[in-house]
Amino acid sequence: MVASFAAGLNAYATVIMLGLLARAGLVDLPNSLHLLSDWWVMGLCVVLYVIEFFADKIPGFDLLWNALQTAVRVPLGALVAYGATAHMSPSTHVIATALGAAIAFAAHSAKTAVRVSVTPSPEPFSNIALSTAEDALAIGLMWFATRHPLWAAAIVLGLLAAIVVLAGWIVRAIRTLAKQRRAVHRRG
């Protein structure tokens, strides 16, 4: 769950952290995920992380980058869940994979929504600070999960609950605004 959430924020940092944590003996990856600890996989992810590190800090371009990363982050969240649950029954395996994708999608969607609200600001510092905080959260959650897995899972559940509440609030606000505009348009 934690890795899927982290993948929704930054797929490359998540793979690097899983690989490094496995190499350091801090996490025992299932056989189906051992590929993540191969040096060539981690090296490729380092290159992609560096590209993302800079692309994610450019106002305007970060939105395009995040849209493109939907095709990376959500499937990686699903694949991590798929690999981590390979030993479970087929139905549990499928449910866990779908939940991994949903968790990654929720994290990615929240990240993108926050970016949409921050990008119009005239200064680039908010984008840089936000991008750095997102990377730190993904990396920090992955490390924290090795020491305190239940607390890390609780943090992710809390963040997911906040995302759901805020998403509902945003949808209601948009509906209210649309109703008000229709009412004004009918009167005018």
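Which residues in α6 are buried? In this predicted model, the buried residues of α6 are N127, S131, E134, D135, A138, L141, M142 and T146. Helix α6 covers residues 125–147 and holds 23 residues. At 1.5 Å a residue, a span of 33 Å is expected for this helix, and its end C-alpha atoms lie 32 Å apart, so the two values agree.

One of the buried residues of α6, D135, takes part in a salt bridge with K57, with the closest N and O atoms 3.9 Å apart. D135 belongs to helix α6 and K57 to the loop between α3 and α4, so this pair ties together parts of the chain that are 78 residues apart in sequence. D135 has a relative accessible area of 4% and is therefore buried. K57, at 11% relative accessibility, also counts as buried because the cut-off is under 20%.

The count of salt bridges comes to eight. Among them is the pair formed by E52 and K111, whose closest N and O atoms are separated by 3.9 Å. Distant parts of the chain are linked by this pair, as E52 is located in helix α3 and K111 in helix α5 (residues 90–118), 59 residues apart. E52 and K111 are both buried.

A further salt bridge joins D56 to R115, and here the closest N and O atoms are 3.1 Å apart. This pair, too, links distant parts of the chain: D56 is in the loop between α3 and α4 (61–84), whereas R115 is in helix α5, 59 residues apart. The relative accessibility of D56 is 1%, so D56 counts as buried. R115 is likewise buried, with a relative accessible area of 0%. E52, D56, K111 and R115 are included in a network of salt bridges, which also links D62, R73 and E134. Of these residues, E134 is among those buried in α6.

A separate site is provided by H34, which is placed in the loop between α2 (11–23) and α3 (39–55). The relative accessible area of H34 is 38%; this residue is therefore partly exposed, a class that lies between the limits of 20% and 50%. A polar atom of the H34 side chain is found 2.9 Å from the backbone oxygen of L29. With respect to L79, H34 is 45 residues away in sequence, and the C-alpha atoms of H34 and L79 are 13 Å apart in space.

Key. Residues numbered from 1 in each chain as written. Predicted model: local features only at pLDDT ≥ 70, side-chain atom pairs only at ≥ 80, totals over all residues. Heavy atoms only, no water. Helix = DSSP H or I, 4+ residues; strand = E, 2+ residues; numbered from the N terminus. Buried < 20%, exposed > 50% of the residue type's maximum accessible area, 1.4 Å probe, protein only. Polar contact = N/O pair within 3.5 Å; in protein donor to acceptor, adjacent residues only side chain to side chain. Expected span 1.5 Å × (residues − 1). Salt bridge = Lys/Arg side-chain N within 4 Å of Asp/Glu carboxyl O.
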